[in-house]
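Me: I would like to understand how the words used for a protein model follow from its values. Could we take some of those words in turn and set each against its definition?

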Amino acid sequence: MKQSSETDSYIVNPEIEDYLSSLTPVEDAILKEMELYAGNNDFPIVGPLVGRFLSQIALMTGAKKVLELGSGFGYSAYWFAGSVGEGGSVVFTELSPGNSRLAEDYLTRAGVRDRVRIITGNALDVLDSAQDEFDIIFNDIDKEYYPEVVDKAYAKLRKGGLLITDNVLWFGRVVSGDNSPSTEGVREFTRLLLSREGFFTTIIPIRDGVSLSLKL
């Protein structure tokens, strides 16, 4: 989630992002509609470049069970749902009932609703109570709670599973003097993630920074 700040800086040159986006334009009508909604309502989404990345990772690993922590109105869930295929499942978690209803509509019209379990509630509570092991856990909750995710997610991933986290460069604030709870949360999360035995982590400077952690 993005909050405007004088400390914000570009991770990738906007002209480069525009160039990359122009090479792979979004053709899907529902995705276009969701992106328009996000733009009109200043609602943070991962966007098409990261969406394609998430979809590709799911396809490469043959992921069938995905848990999203903080799903918004379903943009990233839609990308995952298209990749887990028939018989696959995505667990959607979101605190806002309104966002959950939006997701229900988008996913239904996209024809992938049967692959997504929508849970309106606290994502960390859902993670704690999950009985399954997941192939992928995608983390995009409020940043001050990021540090809580590391050990909880590790416990619920299968061996070889992936923890993927958005906003780990946090619009450049991680290298600024900003000491807000959200920025400190991202910094501490990253420290814990890179020092956590059993995770092999790489940070990819795409969009706002995405970390990819493999459970060894």
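Reply: A residue is called buried when its relative accessible area is under 20%. This is a predicted model, and in its helix H3 the buried residues are Gly-47, Leu-49, Val-50, Gly-51, Phe-53, Leu-54, Ser-55, Ile-57 and Ala-58.

Me: What do the buried residues of H3 pack against?

Reply: They pack against helix H1 (14-23) and H4, and also against four strands, namely S4 (134-139), S5 (157-166), S6 (199-204) and S7 (210-215).

Me: Why does Val-46 count as buried?

Reply: Val-46 lies in the loop between H2 and H3. Its relative accessibility is 3%, and because the cut-off is under 20%, Val-46 counts as buried. Apart from neighbours within four places in sequence, Val-46 is in contact with Gly-51, Leu-54, Tyr-75, Ser-76, Phe-138, Asp-140, Asp-166 and Arg-207. One of these, Ser-76, is 30 residues away along the chain, yet the two C-alpha atoms are separated by 6.9 Å.

Me: How do you know that the length of H3 agrees with its number of residues?

Reply: The expected span is 1.5 Å times one less than the number of residues, so the 15 residues of H3 should span 21 Å, and the end C-alpha atoms are indeed 21 Å apart, which agrees. After H3 comes Gly-62, which has a positive phi, near 65°.

Me: Why is H2 called roughly antiparallel to H4?

Reply: The axes of H2 (residues 29-40) and H4 (residues 75-84) come within 10 Å and cross at roughly 165°. Angles over 145 degrees count as roughly antiparallel, and therefore H2 is given that name with respect to H4. Their crossing is left-handed.

Me: Which residues of H2 and H4 meet, and how do they divide by class?

Reply: From H2, the residues Ile-30, Leu-31, Met-34 and Glu-35 meet Tyr-75, Tyr-78 and Trp-79 of H4. The residues of this contact divide into six nonpolar, no polar and one charged, and Glu counts as charged by definition.

Me: What makes the crossing of H3 and H4 roughly parallel?

Reply: The axes of H3 (residues 47-61) and H4 come within 8 Å and cross at roughly 30°, and angles under 35 degrees count as roughly parallel. This crossing is right-handed. On the H3 side the contact is made by Gly-47, Pro-48, Gly-51, Arg-52, Leu-54, Ser-55, Ala-58 and Leu-59, and on the H4 side by Tyr-75, Ser-76, Trp-79, Phe-80 and Ser-83. By class, there are seven nonpolar, five polar and one charged residues, with Gly counted among the polar ones.

Notes. Residues are numbered from 1 along each chain as its sequence is written. This is a predicted model: local features need pLDDT of at least 70, side-chain atom pairs count only at pLDDT 80 or more; totals for chains, interfaces and linings use all residues. Side-chain values use heavy atoms; hydrogens and water are left out. Axes are lines fitted to C-alpha atoms, for helices over the stretch in contact, and angles run from 0 to 180 degrees between N-to-C directions. Helices (H or I, at least four residues) and strands (E, at least two) are DSSP runs, numbered from the N terminus. Angles under 35 degrees count as roughly parallel, over 145 as roughly antiparallel, 65 to 115 as roughly perpendicular and the rest as oblique. A crossing is left-handed if the near helix is turned anticlockwise from the far one by less than a right angle, and right-handed if clockwise. Contact means heavy atoms within 4.5 Å. Buried means under 20% relative accessible area, exposed over 50%, partly exposed in between (1.4 Å probe, protein chains only).
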